[in-house]
Amino acid sequence: EHTTLHLLYSRFWHKFLYDIGVVPTAEPYQKRTAHGMILGLNPHSFVNLPAEEQEKLLKEYGSQKAAEKALEEKYGEMARHPIVKMSKSLGNGMEPSEITDQYGADILRLWVASADYHADIRISKDILKQLSEVYRKIRNTARYILGNIADFTPDKDAVAFDRLTGLDRWALTRFNELVKTVTEAYDRFEFHIIYHALHNFCTIDMSNFYLDVIKDRLYVEAPDSEDRRAAQSTIYTILRGMTLLFAPIIPFTAEEIWSFMPDDSRYDGASVMFNEMPRVIEGISDEAFMEKWDRIHALRDDVLKALEAARNAKTIGKSLEAKVVLHFDGSLAEQIGLTLDELATVFIVSQVEVTAEGAGSYQGTVPFLPGLTIEIAHADGAHCPRCWVYSDTVGKDARHPTLCARCAQIIG
């Protein structure tokens, strides 16, 4: 018996091998997909020569234009083009073993997946370097999550989806969209879409927003609190599903991540390849819910720009030193649906205030809050060394004179 991953894994490489002419039959495919040549750097083009060679030619011919003309006379019109097809005669080929020795086999496989084989395929050291950065982002996302679920046992600690916070349900909804995109792309053999979808999810949805916002819950809340377990349940679900999604493309990395995942009775821990692809999680959000979070993101973008301006003006340093004052003559709660404390968490600031009086120095741009202006001031109160938030409650608990009321209650 074969799991979905086994089938996708074999279909992926059969399709690729057929397209480059290694295997003679397209079965189970009905027709061959057109593919272009593999492009590499032209070693005879002036711009691709080593610096010392360029300098030598410049000294000999006096200018780059004259040097390029000399190269053209020697190697023909081809010398005009810095990027040409790979061939043995040009000596611009790249051995797969060279790539795997320097970058690892998963980078080579990631390059195959990233290439849109409907057009000419390009490869160079710069492209491989960019791929390495994308790979590092995916790997670091997994590493961060694994570090934060080290004390998490899914069978015992998982929080039910209907008890998760709105932020957690937003993250799982975005993951649902990733599952749909990747699954459909596998079915169409559009592997470059998978590559871009995974990169964007790890960078935009996870690193730039969700994982940054939930640091407070992961690091500050009590280890067994429901808020912290909810965050762990969410990132665990996302990492396990994401690992299954990219296992056909970067299997060595997927197996390594899988080996560090906490035991879960619903999955086969022996190998990532012995498990099915993730399915969409039903019932965690609806269209109105995501529209609300689109508005929250739009407002957050304005606040981040105002924070950056205040940082440049030396009003604040880190964002937790800030108090955000939203000047708006209307009901912000109706549009956003979050409390001020929840907004402070999303903005990663210490305090948020809403007032209909006065005006801030930054003009808001969100259309659903006409007339909004934003003011950034230094947060009120003292700095809590445990959660780094500024609060008027610091020192109010005699047992913990340096902590805010929240941290003092957590520590007990």
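Trainee: Let's start with Glu177 and Arg174: which helix do both lie in?
Mentor: Happy to, and keep in mind that we are looking at a predicted model. The two residues are three apart, about one turn of the helix. That helix spans residues 166–188, and its label is H8.

Trainee: How far apart are the closest N and O atoms of the salt bridge between Glu177 and Arg174?
Mentor: A salt bridge needs a side-chain nitrogen of Lys or Arg within 4 Å of a carboxyl oxygen of Asp or Glu. Glu177 and Arg174 form such a bridge, and the closest N and O atoms are separated by 2.2 Å.

Trainee: Is Glu177 buried, partly exposed or exposed?
Mentor: Buried means under 20% relative accessible area and exposed means over 50%, with partly exposed in between. Glu177 has a relative accessibility of 31%, so the residue counts as partly exposed. Its partner Arg174, at 26%, is likewise classed as partly exposed.

Trainee: How many salt bridges does a search of the whole structure find?
Mentor: The Glu177 and Arg174 pair is a salt bridge, and Arg229 and Asp157 meet in another. Searching the whole structure gives a total of 19.

Trainee: How many residues apart in sequence are the parts that Arg229 and Asp157 tie together?
Mentor: The side chains of these two meet in a salt bridge at 3.7 Å, N to O. Arg229 belongs to helix H11 (residues 226–246) and Asp157 to helix H7 (residues 154–157), so the pair ties together parts whose separation in sequence is 72 residues.

Trainee: And are Arg229 and Asp157 buried or exposed?
Mentor: The cut-off for buried is under 20% relative accessible area. Arg229 has 6%, and Asp157 has 10%. By that cut-off, Arg229 is buried, and Asp157 also counts as buried.

Trainee: Which residue's side chain meets that of Glu221 in a salt bridge?
Mentor: Glu221 is in the loop between helix H10 (215–220) and H11, while its partner is in helix H16 (residues 405–411), 185 residues apart. Glu221 is buried at 17% relative accessible area, whereas the partner is partly exposed at 28%. Their side chains meet at 2.8 Å, N to O, and the partner is Arg406.

Trainee: Which residues do salt bridges with shared partners join into one network?
Mentor: Arg229 and Asp157, which we met as a pair, both belong to it. The full network is Asp151, Lys156, Asp157, Asp224, Arg228 and Arg229.

Trainee: Now the sheet: which strands stand at its edges?
Mentor: This is an open sheet of four strands with mixed pairing, in the order E5-E4-E7-E6. Two of them have a single partner strand each, so one side of each is left without a neighbour in the sheet; these edge strands are E5 (351–355) and E6 (362–363).

Trainee: How many bridges pair E4 with E7?
Mentor: E4 (residues 322–327) runs parallel to E5, joined by five bridges, with Val325 opposite Glu353. With E7 (residues 373–378) the pairing is antiparallel, and Ala322 has His378 as its bridge partner. The number of bridges between E4 and E7 is six.

Trainee: Which residue in E7 stands opposite Gln363?
Mentor: E6 and E7 pair in the antiparallel sense over two bridges. The residue opposite Gln363 is Thr373.

Trainee: Last one: which residues form the negative surface patch?
Mentor: One member, Glu291, lies in helix H13 (residues 287–312) and is partly exposed, with a relative accessible area of 37%. The whole patch is made up of Asp286, Glu287, Glu291 and Asp294.

Notes:
Residues are numbered from 1 along each chain as its sequence is written. This is a predicted model: local features need pLDDT of at least 70, side-chain atom pairs count only at pLDDT 80 or more; totals for chains, interfaces and linings use all residues. Side-chain values use heavy atoms; hydrogens and water are left out. Patches are made of residues with over 30% relative accessible area and no salt bridge: like charges are joined within 9 Å, nonpolar side chains (Val, Leu, Ile, Met, Phe, Trp, Tyr) within 5 Å. Accessible areas come from the Shrake-Rupley method with a 1.4 Å probe; for residues, only the protein chains shown count as cover. Lys and Arg count as positive and Asp and Glu as negative; His and the chain ends are not counted. The place of a charge is taken as NZ of Lys, CZ of Arg, CG of Asp or CD of Glu. Buried means under 20% relative accessible area, exposed over 50%, partly exposed in between (1.4 Å probe, protein chains only). Two strands pair if DSSP finds at least two bridges between them.
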